[in-house]
Amino acid sequence: MPPSSARGTAPPAAAGRRAAMLAPMLSHPSPEDRSVLTRPASAPDEVLRHGPDAEQVADVRLARGPAGDRPVVVLVHGGFWRPEYDRAHLGPMAEALAAAGWPTVTPEYRRVPGHPGLAVQDVLAAVRAVAGRPDLTRGRRVLLAGHSAGGHLALLAAALLTAAVPEPAEAPAGVLALAPVADLVRAQELGLDGDAVVAFLGGDAATRPDLDPARLPAPAGAVRILHGDGDGVVPAEVSRSYARRHPAAVLTEVPGGHFAVIDPRSAAWPAVLGALEDLAAGA
């Protein structure tokens, strides 16, 4: 990962490298609008550490609008768990959320093919680190959100924290999963992104139910899922499969493709803000 990973922003040369790394996604034959992936964003207000590794960091953006008592949104990036894709492409979304009054924390996590535990450990550590910052949480439990592979990690982390945390304050109050890879077995059957699930796990998804949100107990908090009805990267069927196994989850299909749900300029953006409001109200 380029050195900009720990700083949260990229100089022009690093931005060019990031655009080159995103080329496989940008050249995908489906009519996806990927402009948000390389759109610039302002620097974070703080970079929070949640471990000693260079990638165990998170970008903090404080609410710019009237935050009131809104909870912090821990926002996990996607990229099919591959090392090429880091948190930088969620900068425009995190910036827009902060402008709308939502404090955000966007963690990085280690993305090593065949070693899924590293990513899971890092997302859990990031949630716990934020929960341990009363100046950020103001006494409220966080909301956990994630896009694509980050949606998988958000759902998984919420389920694991529900089952294992010694302190209830560490478990998220709710989860917003955006076009998530929510069912690893179904995603493997579909061969998403050149068998990304097998590459991530280092084997067959059927052998790792412990890492599959669709096969774990549901999180204690409310789960909202938004999925583009024209998603050509992670078909909405993957979210439908999760919802069939966890009927308490609320799945809403919105206009647009895979990246519409992280793009503040898309027609789906009001649904994202509305889902966060619903989760915060029920927290």
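**Exercise 1. The second largest cavity**

Task: Find which residues line the second largest cavity in this predicted model, and give the volume of that cavity.

Solution. Start with the lining. Phe-80, Trp-81, Arg-82, Pro-113, Ala-196, Ala-199 and Phe-200 line the second largest cavity. Next, take the volume. The second largest cavity has about 30 Å³. Last, count the cavities. There are 2 of 30 Å³ or more in the structure.

**Exercise 2. The nonpolar core**

Task: Name the residues that touch the most other members of the largest nonpolar core, then trace the contacts of Leu-176.

Solution. The largest nonpolar core holds 81 residues. Trp-81, Met-93 and Leu-176 touch the most other members. Helix H6 gives the most to this core, with 9 residues. Trp-81 also lines the second largest cavity.

Now follow Leu-176. Set aside its neighbours within four places in sequence. Leu-176 is then in contact with Leu-144, Ala-145 and Gly-146, among others. Its contacts also include Arg-224 and Leu-226. Val-272, Ala-275, Leu-276 and Leu-279 complete the list.

**Exercise 3. What covers helix H9?**

Task: List the buried residues of helix H9 and some of the elements that cover them.

Solution. Helix H9 spans residues 236-245. Its buried residues are Ala-236, Val-238, Ser-239, Ser-241, Tyr-242 and Ala-243. Their cover includes three helices: H6 (149-164), H7 (184-190) and H8 (192-201). Strands E7 (222-228) and E8 (250-254) are also part of the cover.

**Exercise 4. Arg-110: buried or exposed?**

Task: Place Arg-110 in the chain, decide whether it is buried or exposed, and find its side-chain partner.

Solution. Arg-110 sits in the loop between strand E4 (104-107) and helix H4 (116-131). Its relative accessible area is 17%. The cut-off for buried is under 20%. Therefore Arg-110 counts as buried. The side chain of Arg-110 makes a polar contact with the side chain of Asp-122, at 2.9 Å. Leave out residues up to four places away in sequence: Arg-110 touches Asp-53, Glu-55, Gln-56, Leu-118, Ala-119, Gln-121 and Asp-122.

**Exercise 5. Positive phi**

Task: Compare the settings of Arg-138 and Asp-193.

Solution. Begin with the general rule. Most residues other than glycine have a negative phi. Arg-138 has a positive phi of about 50° and is not a glycine. Asp-193 likewise has a positive phi of about 50° without being a glycine.

Now place each one. Arg-138 lies in the loop between helix H5 (134-137) and strand E5 (143-147). Asp-193 is found in helix H8. Then check accessibility. Arg-138 is partly exposed at 41%. Asp-193 is partly exposed at 36%.

**Exercise 6. Val-47**

Task: Locate Val-47 and give the C-alpha separation between Val-47 and Ala-58.

Solution. Val-47 belongs to strand E1, residues 46-49. With a relative accessible area of 32%, Val-47 is partly exposed. Ala-58 is 11 residues away along the chain. The C-alpha atoms of the two are separated by 5.5 Å.

**Exercise 7. The whole chain**

Task: Sum up the secondary structure, burial and confidence of the model.

Solution. Count the elements: 10 helices and 8 strands. Take burial next: 55% of the 283 residues are buried. Then look at contacts with a separation of 6 or more. Residues 24 or more positions apart account for 76% of them.

Finish with confidence. The average pLDDT is 89, and 86% of the residues score at least 70. Over residues 1-30, pLDDT stays under 50. For that stretch the model has 49 contacts beyond four places in sequence.

Conventions. Residues numbered from 1 in each chain as written. Predicted model: local features only at pLDDT ≥ 70, side-chain atom pairs only at ≥ 80, totals over all residues. Heavy atoms only, no water. Buried < 20%, exposed > 50% of the residue type's maximum accessible area, 1.4 Å probe, protein only. Helix = DSSP H or I, 4+ residues; strand = E, 2+ residues; numbered from the N terminus. Contact = heavy atoms within 4.5 Å. Core = buried A, V, L, I, M, F, W, Y, C linked by side-chain atoms within 4.5 Å. pLDDT = per-residue confidence, 0-100. Polar contact = N/O pair within 3.5 Å; in protein donor to acceptor, adjacent residues only side chain to side chain. 1 Å grid on protein atoms, 1.4 Å probe; cavity = no way out; pocket = protein on both sides within 12 Å on 5 of 7 lines; lining within 4 Å. Points joined across faces, edges and corners; volume = space filled by probe spheres on them.
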